[in-house]
Amino acid sequence: MSNDTESKGVKRRDFLKVLGTAGAAVTTVGCSSEKVGKLIPYLVHPDQTVSGVSTFYTSTCRECSASCGIIAETRDGRTTKLEGNPEHPLNKGALCARGQSALQGLYNPDRLRGPMLKENGAWKAIPWDAALTLVSQKLGEAKSRGSAANAVFLNQHETGTFPSFLDAWLAGFGMRPHLSVDFEADSAVIEANRRSYGVSWPKLSFSDAKLIISFGADFLETWGLSVPQQLDFADARAKIEGAPRFVYIGPRRSLTGLNADQWIACKPGSELAIANALAGKGSLADAAAQSGVAVATLTRLQQELASAKPVLALAGSSTSDALDLALAVASINQANGAVGTTIRPAEPLTAFDGAARFSDVVAAVERMRAGQVPIAFVRGVNPAYNIPASGRFADAFAKVPFKVSFSMYPDETTELCDLILPDLHSLESWGDAEAAKGVMSLQQPAMDPVFAGTRATADVLIQLAQKDPASAAKYAQKDYRTWLIGRFPGGMSAFTAALQKGVAAGSTAARTSPAAPDAFKWPAPIAQTQGEYFLVTYHSPVLGDGRGANKPWLLELPDPVTKVLWSSWVEIHPETANAHGIERGDIVEVKTASGTVKVPAYLYLGIRPDTIALAIGQGHTSVAKLSEHGGKNDKVPTQWGYGRYARNLGVRAHDLLLSGTNAAGALALTTTKASLTKTADHDTLVSTEGSARQHGRGISQAIPLATLLAGAKGGDARTAAEVKVEGKGSEAAHEAHVPGEASHAFLPGLRSPVAADAQGQLGAPTSADHGKDKGMYAPTHWSGMASRRWAMTVDLARCTGCSACVTACYAENNIPTVGASWQNATVYAVAKPGFNITRGREMNWLRLERYFEGADEGQFTEDFEARFVPMLCQHCGNAPCEPVCPVYATYHAPDGLNVQVYNRCVGTRYCSNNCPYKVRYFNWFGYGEEDRKQYAFPEPLDWQLNPDVTVRGKGVMEKCTMCVQRIREAETRARSEGRELVPDEFTVACAQACPSRAITFGDAADPKWTVSSLVDDRRAYHVFEELNTYTAVVYLKKVIHASPVGA
Amino acid sequence: MATMAKPRPEHLIGSNIATAGNRLPGIKDYEQVDRDIIATLQPTLGWFAMLGVAILCLLIGASTWVYQIYEGLGSAGYQPPVMWGVYIVTFVFWVGIGHAGTLISAILYLFRAGFRTTIYRASEAMTVFAVMTAGLFPILHLGRPWKFFWLIPYPNWRLIWPNPKSPLVWDVFAILTYLTVSATFFWIGLIPDLAVLRDQEKNATRKRIFAVLSLGWRNSDNEWRHFTRAYLFLAAFATPLVLSVHSVVSFDFAMSLVPGWHATIFPPYFVAGAIFSGIGMVFTIIIPLRKFFKLEHYVTINDLDAAAKLCLFTSCVVGLAYLTEFQVAWMSGNKMEQEYFWNRVFGQWTWAAWIMLICNMVLPLSLFSQKLRRNTKWLFMLSIFINIGMWFERFVIVIPSLSHEFEPWQWGGYHPTWVDYNILLGSFGWFFMWFLLFIRQMPVMAISEIKEILPPKMRRAHVEAHHAAHGTLGHPLPADGGTH
């Protein structure tokens, strides 16, 4: 009561309380739109883990059969980036787009989370124990009924220890050996290799060849081992003088075909006639008549073949007579000095050893259809998708009483199974592969399993064996890792040591080659099938046989040839299209004896007018009705039909294929004609292609070899302006302005550190008045960065357009994919995959432009050229984007980088308007905000995000940073070690991945870096040099190898 | 003249040149002026209906903007490389509209163009509201509009300032300056009329507001002397701004590298275009206004005729600029420039380019005919065409250029969405809401200036002599046949 007098009004204490509370509330609620997160450092570090410091694990890529070596960068227990393992004999540090996208398989939001059992057609989750007991019981039943020998195990094709482990396990239960299935493997070539060279796959040496002839062998894509082949091919082409000429024979110019110097467009199925004629087993005139190729062309090729030894001839056309073709091609090789030089059976690659043929799979399916198969296991393959519809896999599979899937993903085959025991991803599990004869490539987990409910199949097999009294004794090991190490020569210590490099000497037991397939006669040659056009189907270079279709990086990676993405397309020559009144994007109906698909048309110069082509890889379907969903991942039902990203995506080329196998037991992909009907529908084709012509603007330049050699080495005194005047605008003149010599007018600007570059003085730093006008930064800038000029060269003689760099950039820089059907605005209400991309909103900081030269559209000609050019931020010394930004969100760093400050950006987009290279990308939506439907990284895809790179917010501009995080990391490392940067100590993500080694990054101001000498190259040029942008990206002209004979 | 052979109708004879003085034969005395003009301030049902429509449009636009801020700018129809779209087009459009008012009130004032007297108040209001509308668009089009104030130089502890090299920063200054000066000029001109309103007002609150706004105007000679001096000063001050603002806006384009933008002709071209579009909008507003308010005897056919000549002249200047652009591209020897112009007129953007050329260059040529100049229906229709044409002029400048730049691989198209259209609609709602509110609160014509040109009934000869003797600035003479 004594306080009564004080209680009038607000007491000081209360006032402060209210003030404090209100202040805190305002601070908490009012200031930030972002969620408050917690950062709790480790109290006790897990072994070998330091927060924020990456650990690098060697492993083996399992995305195709090649088994390249990879290094997985793991930070705080999460793998964030895959790169090639430089120690690995196959890929020597490079990695293709598919290999890099393994991460999105690992973190795929649609991965199966735990065992599931189908009961009365409905799936329900069950515990592992129950699942294993069930399998055990079914195995026991089969064994006791004596039908176990008919069980089928379809495993993805692997080399290494696991196949023999699996066969031993199967034998323990009385089952026959598994089928090692790779739907992409070219059985005809493998069979021919065996017969001709005695090995399944000899080492190919492109560098030793004088002439490369490919009969539809897409060795830069899915034929053989693409990365090692590409490395070697690029090295061969980079020799410039003495580089092999490359002739591609086939009805369609694939990516490999576009890299050829000459395309011989033969009718599908006529490759054999040409090969035979070249081998001297037939007349050229007959071959010409059969193939629709001019006799003169073949004659010239024959003459060239006679003069250019050694040759490297490759067969790859997947026709009904593919085996004969491969054998004929082998005889060309044998006759032209290839064996031992360009083809080296003594150094065999083992990637395809033990691979089952398609006919083996068909035989197993037929056993299922006959009701003989009591139990079927499927791991890592999707026969329900990859067997043509006419093969009626689902009917046969349904006759199997108990079907177990080890799939990681909800695919077509898994949906037909009864029990799912989800496998671990290869980045979570142990294993090995035999990369080449005598070289073991080790596979180790880079992180703990993403989903605790998944188990490695090998471990599951051990657990099942331990439940079986007969097998238990043989499987004393607690898991497959112990089993693997136990068999490793030298044991644990040798194994641990080998893991450091990822490869070790060693070999697995030779696998028995499958018995020769039953003699098979293809019912009718392609020319006699129904339809007006030959139909060529091929494995997508990006999605492979369809297994890539659940990974948004791959779906967002434009097809290297057509630049179509998030959609299927049928390639039609403009001449044919004109005849039908078909325009780009018109929906056409393609019909064969087996089925019909409706697909948008893409008008392509590189296909015969009597041929149409369709890529394999899309058109995944599901039996279950699917619910729509957004980017959020909470409680989404199982995304049947190969995950949310593959949904409603394109058409399945297999619907059109005839089932049946050729003489090598392979599924022939080019076996039927098809009819083509235009429908009334039209849809904007999802493509990143603007104009496919350069309009003489010299973006991707080329120089004929003769011109290059004729030019004298040395400086060119003329200025860019003089050259420009001489160029007169026409492309030929523009490119030929200095025979064999670039102007190099840009060099002083590029060589100088930024302190003296285009922002200030343009002369060499040594010039007399240097120092008077220091430019933006003094050479003594406090950062110490002003002595550097980060720069890049792109050698177009090497670049094949494969686009691995693009995916590397996505992976390194947290670039959102924007093409999923739900990622557009609510306002459009269009659930079309790739809709954002039809609006040009793809975010590819690095894109691969593909221009055509020659071949005026409308008339068919073999004589046109494709030019690939990776286009990224050019980090101009005199950048047009910088002065126009009203808030300095983009500015020039002392080391020459053109820097984008996301936090400062208000989003006027003026910088993009003023960028001549159009390499700036805008965040139209909140791709990085998890509550939005446009969210690009639904959990756990967001685990992949590079912690060194900001995830950009809505409404800001972004672009290539030249991997500034890597630059700063290297600088910091050097500083902490008290040293200077070592030249070529590090590189950027695109250069690191590039399987043709076309990209070189470094400090152009320091002569010790490789890039510094490359900018001096005779072929060097800048894109749009006339704009005085003083770019830091220097391109080296492509070299045109004209035919030495005739022409 | 060829027409001399025919007898000409009486009302066509007389002052018909832009610099002539003005006569209002239909007005009898000062009281009628007060009566007629103040009568326009009475709200009517039609006015409420129109205001309702305007506010509805505004609400549609505003809610769409909220949606766009939430969802992201991607909900609008941007299609990279077209990074600027309908918003920038509409921004330039409204800035252009905002030019005619100051031109009419300031420049024509300095040039003593008598026909301005009756139309300048509405034009000035149009200017202020158009600039207010235009000012929204640079914010609307930002990726992060909530950070717009980063473009304004304000002291901050990070010591980060806007980039003085960026034309967008110049824009901020130009637009804000123009808005300030034109609003001030508008208000200063209103002061004598505000005093009239104050004196007539019965409602105490409104009276108080008018009293404050009129700055205690007492109609004394001294006040008039100061007023005319201030008005003259502001007119002279505003005149260069008419030229500078749109020049600065044109720098947004001209200072860039983009083919089709990078042109020295842009500043005069934009200023002429702005005046042209502004006069178009004046017709769109004044012609219905004089009809609904029955002010035909104030805004006479002679006034419209004179304004139409100005319109014709600016149309010719704009047309010349269009042709000059083609000529410059042709003679530049720059392939990229040439291909861009070819694509603009005969390629991808043919339709937009020809809407522009026909509406702005061809149709206004009809104003060479005196009959059509004096036909209010035609003038009104033409003004709509001019509005459309001038919007498309900016469309043709902004979008085709961006869609067809240096890098052929990145050539593209552009399709606006309903978000763009709603916000465009909203901008008209915003503009007309202010304008409709204005015409019921303030006199749409300058009462005092109209009175100046009326001969006082009692002392007609005397007053005329007085004016002639003093030649006071800002007092257009009620001259006979424009002789002074």
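Two residues are taken to be in contact if their C-beta atoms, placed from the backbone, lie within 7 Å. By that criterion, the contact between the chains of this predicted model takes 45 residues from chain A and 43 residues from chain B. On the side of chain A that touches chain B, α30 (881–884) and α31 (910–913) of chain A each supply at least two residues. Of the elements there, α31(A) gives the most, with three residues. In chemical character, that side of chain A divides into 22 nonpolar, 15 polar and eight charged residues.

The partner chains may now be taken in turn, beginning with chain B. Its secondary structure comprises 16 helices and zero strands. Of its 484 residues, 49% count as buried. Among contacts in chain B between residues at least 6 apart in sequence, 82% join residues at least 24 apart.

Helix α7 of chain B covers residues 221–254 and merits a closer look. At 1.5 Å a residue, its 34 residues should span 50 Å, and because the C-alpha atoms at its ends are 49 Å apart, the expected and the computed spans agree. Within α7(B) there is nevertheless a kink of about 25 degrees, centred on B:L241. As a general point for reading such a helix, an α-helix has 3.6 residues a turn, so residues three or four places apart point the same way.

Chain A contains both kinds of element, with 34 helices and 37 strands. Of the 1047 residues of chain A, 59% count as buried. Residues 24 or more positions apart account for 73% of the contacts in chain A that have a separation of 6 or more.

Among the sheets of chain A is an open one of three strands, in the order β1-β2-β3, with antiparallel pairing. Its edge strands are β1 (54–60) and β3 (78–84) of chain A, each of which pairs on one side only. Neighbouring strands of this sheet are turned by 30 degrees against each other on average, direction ignored. Strand β2 (residues 69–75) of chain A is joined to β3(A) by six bridges, and the two run antiparallel. In this pairing, A:I71 stands opposite A:E83 in β3(A).

A further open sheet of chain A is formed by seven strands in the order β5-β4-β16-β15-β14-β6-β7, and here the pairing is mixed. Strands β5 (122–125) and β7 (179–181) of chain A stand at the edges; each has a single partner strand, so one side of each is left without a neighbour in the sheet. Further in, strand β15 (residues 402–405) and strand β16 (residues 419–420) of chain A pair in the parallel sense over two bridges. A:V404 stands opposite A:L419 in β16(A).

The last element to consider is strand β36 (residues 1033–1036) of chain A, which is covered on both faces. On one side A:V1033 and A:Y1035 are buried, and on the other A:V1034 and A:L1036 are buried. Strand β27 (residues 790–795) of chain A runs parallel to β36(A) and is joined to it by four bridges, with A:T793 opposite A:V1034. Strand β35 (residues 1020–1021) of chain A pairs with β36(A) in the antiparallel sense over two bridges, and there A:Y1021 stands opposite A:Y1035. Thus A:V1034 and A:Y1035, which belong to opposite faces of β36(A), stand opposite A:T793 and A:Y1021 respectively.

Note on methods:
Residues numbered from 1 in each chain as written. Chains lettered and ligands numbered in written order. Predicted model: local features only at pLDDT ≥ 70, side-chain atom pairs only at ≥ 80, totals over all residues. Buried ≥ 20, exposed ≤ 12 C-beta atoms within 10 Å, placed from the backbone. Nonpolar A, V, L, I, M, F, W, Y, C, P; charged D, E, K, R; others polar. Expected span 1.5 Å × (residues − 1). Bend = angle between axes of the 7 residues up to and from the residue. Pairing = 2+ DSSP bridges. Axes fitted to C-alpha atoms, helices over the stretch in contact; angles between N-to-C directions.
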